[in-house]
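Reader: Please take me through one part of this model closely, then place that part in the whole chain. Keep it brisk, and give the cut-offs as you go.

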Amino acid sequence: MESFLVRTLRKRSSRTLFSRTSRGFRTSIRFIDSGIDCSFRGKFKVTKNEDLAVRSFFPSLFGVLRGFINGVSAPRSRVQGYGSQIQCRNVAFVAATPSRSGNFSFVNSDDITFFEKILGEKGVVEDKEKLEESNTDWMRKYRGSSKLMLQPRSTQQVSQILEYCNSRCLAVVPQGGNTGLVGGSVPVFDEIIINLSSMNSILSFDQVSGILVCEAGCILENLISFLDDEGFIMPLDLGAKGSCQIGGNVSTNAGGLRLIRYGSLHGSVLGLEVVLANGKVLDMLGMLRKDNTGYDLKHLFIGSEGSLGIVTKVSILTPPKLKSVNVAFLACEDYTSCLKLLLEARRELGEIISAFEFLDINSMDLVLKHLDGLRDPLPSSKHNFYVLIETTGSIESHDREKLDAFLVKLIETGLVTDGVLAQDINQASSFWQIREGVPEALMRAGAVYKYDLSLPPDKMYDLVEEMRTHLGTEANVVAYGHLGDGNLHLNISAHRYSESILSKIEPFVYEWTSKHRGSISAEHGLGLMKANKIHYSKSSETVQLMASIKKLLDPNGILNPYKVLPQSAQPQS
């Protein structure tokens with residue numbers, strides 16, 4: 001059984017953010033959250049309907065806008081100068097971005113000619129509408145200003161592109177399905193986008209070993225469908241599987257719904273083909289379960305977010321598809337009961353558990369309010385917490401009997417207050433739709449601040465409760481996640497983005513996570529959003545070593561610059 005996917009519609013506007021070039025004067029502002037409407041006209045003017053906070057602006061505009069730096073209200077502020085007009089409506093805040101590195105060149109006509117020679121005209125995209133889509137992440141939170149996207153169809157073409165870009169010091173950003181949540185897959189400034197969607201071939205599949213070899217641009221859902229026909233499954237399942245690509249999954253070390261059963265991609269990926277910044281192709285495309293010949297370098301690239309090399313091919317171990325799949329949707333009175341339920345499930349259902357997800361009442365309320373066609377599986381009363389358990393085994397009667405006995409025991413002991421076992425695939429899919437629908441419901445509810453954290457399971461909900469106390473009535477704190485993995489998806493939902501709310505969330509959320517020896521990124525990566533916050537999870541010595549590896553593999557720093565590592569650790573020519 002495949003879990004039902006609620007795919008968020010990713011409609012993008014054609015709005016253009018501030019980007020002005022004239023006689024060597026080049027500037028850019030990136031509005032880091034939604035609700036932005038900016039345009040240019042004759043005289044310079046700022047119109048402000050909401051509180052606006054501005055940080056790290058270029059010197060020529062800093063003085064003009066400094067009245068907003070501390071969030072000073074100015075319903076209608078006007079400033080003359082520079083012969084341009086900026087209009088910003090419903091903007092909550094403007095977040096700082098790094099300055100564009102002076103080490104990087106700008107794309108010129110000779111560069112375009114070179115790329116067209118190796119890719120053809122169709123592989124070189126300069127169309128503004130197409131670039132608008134690729135410059136913007138799916139949450140409309142990060143927006144770059146790239147003027148060029150390249151669409152290679154082979155590893156050789158990726159190699160030629162990077163060799164040339166490295167020689168010219170042209171910065172690049174690798175891109176797949178562009179479903180990331182931390183700004184890792186879109187340009188920060190004018191980096192060339194290298195989109196791998198055209199490299200989408202399945203190269204081989206071995207029925208005996210279950211080893212799949214494919215190109216990086218294969219969409220995860222297509223791989224799932226292919227393997228389903230072969231009697232196998234992907235060890236990875238994500239809510240974004242209809243759009244995300246396996247190269248991006250590997251590059252971010254995506255976790256997902258099945259990690260409790262099949263582990264992370266560090267265990268499933270057997271080999272990679274990677275193109276380095278200088279264009280050299282690193283062939284590590286092994287198909288062996290055991291290989292202890294020297295350093296296992298593929299692990300450097302799993303989770304490196306394209307900052308060390310571009311993944312072009314993947315070899316991955318896939319498990320057989322088992323016949324017996326059962327899904328239970330349960331209710332618990334408190335979070336402690338959820339933890340006890342996890343412990344009991346591991347003891348009683350250990351060998352057949354394939355997913356253990358939780359969501360709180362705030363998550364359930366949002367889903368039922370904002371997503372059409374969904375019904376509460378336990379409508380008799382409201383519950384504080386909900387747990388979805390999926391089991392996968394080989395003998396239907398055995399698994400069903402085992403799960404039935406487990407559920408009866410839970411009800412009798414009072415560990416769960418209510419529950420239902422899916423009677424068919426449609427009901428099972430409806431249960432999964434609730435869990436996978438939370439992100440879409442949050443987007444429909446308004447502004448959302450998303451945090452992907454790893455914490456000891458017994459501490460996870462302590463953070464949620466403290467955040468609610470910390471924010472008071474300013475926002476709705478929503479929690480769900482992979483309880484079996486200790487992965488909390490903490491979401492703060494509000495009517496609009498606000499510097500006041502953000503200042504209460506950060507750095508509080510990072511400090512709290514660090515204090516409890518958690519990770520500020522469980523599965524989403526660091527990207528641009530958290531690059532300068534890596535020290536909350538990693539020691540200075542560890543970050544320095546990472547920077548040394550980056551400098552060794554990408555001395556000019558052209559691969560996905562400004563991401564993953566803090567600016568102080570980025571390569572400097």
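Author: Buried means under 20% relative accessible area, exposed means over 50%, and partly exposed lies in between (1.4 Å probe, protein chains only). The model is predicted: local features need pLDDT of at least 70, side-chain atom pairs need 80 or more, and totals for chains, interfaces and linings use all residues. Numbering runs from 1 along each chain as its sequence is written, and side-chain values use heavy atoms, without hydrogens or water.

The part I choose is helix α5, residues 220–230. Helices (DSSP H or I, at least four residues) and strands (E, at least two) are numbered from the N terminus. Four residues of α5 are buried: Leu 220, Leu 223, Ile 224 and Leu 227. They line one face of the helix, because they fall within an arc of 100° seen down its axis. That arc is taken from the directions from the helix axis to the C-beta atoms.

What covers this face? The cover includes β9 (202–206), β10 (211–215) and α6 (246–252). After α5 comes Gly 231, with a positive phi near 85°.

The loop from α5 to α6 holds Leu 236. Leu 236 is buried, at a relative accessible area of 1%. Its contacts (heavy atoms within 4.5 Å) include Leu 220 and Ile 224, two of the buried residues of α5. Leu 236 also touches Asn 249, Ala 254, Gly 255, Arg 258 and Leu 265, with residues up to four places away in sequence not counted. Between Leu 236 and Ala 254 there are 18 places in sequence and 8.0 Å from C-alpha to C-alpha.

Now the whole chain. It has 18 helices and 20 strands. Of its 573 residues, 55% are buried. Take contacts between residues at least 6 apart in sequence: 74% join residues at least 24 apart.

Confidence comes next. pLDDT is the predictor's confidence in each residue, from 0 to 100. The chain averages 84, and 83% of the residues score at least 70. Residues 1–95 stay under 50.

A second helix can be set beside α5. In α14 (residues 438–445), the buried residues are Val 438, Pro 439, Glu 440, Ala 441 and Leu 442. They pack against several elements, including β15 (353–360), α11 (361–370) and α13 (425–436). Gly 446 sits just after α14, with a positive phi of about 140°.

Salt bridges number 18 (a side-chain nitrogen of Lys or Arg within 4 Å of a carboxyl oxygen of Asp or Glu). Arg 435 and Glu 357 form one of them, at 2.8 Å from N to O. Arg 435 is in α13 and Glu 357 in β15, so the pair ties together parts 78 residues apart in sequence. Arg 435 is buried at 5% relative accessibility, and Glu 357 is buried at 1%.

Arg 168 pairs with Asp 111, the closest N and O atoms being 2.7 Å apart. This bridge ties α4 (155–168) to α2 (109–119), parts 57 residues apart in sequence. Arg 168 is partly exposed at 23%, whereas Asp 111 is buried at 0%.

Lys 298 bridges to Asp 296, with the closest N and O atoms 2.8 Å apart. Lys 298 is buried at 8%, while Asp 296 is partly exposed at 40%. A network of salt bridges links Glu 344, Arg 347, Glu 348 and Lys 409.
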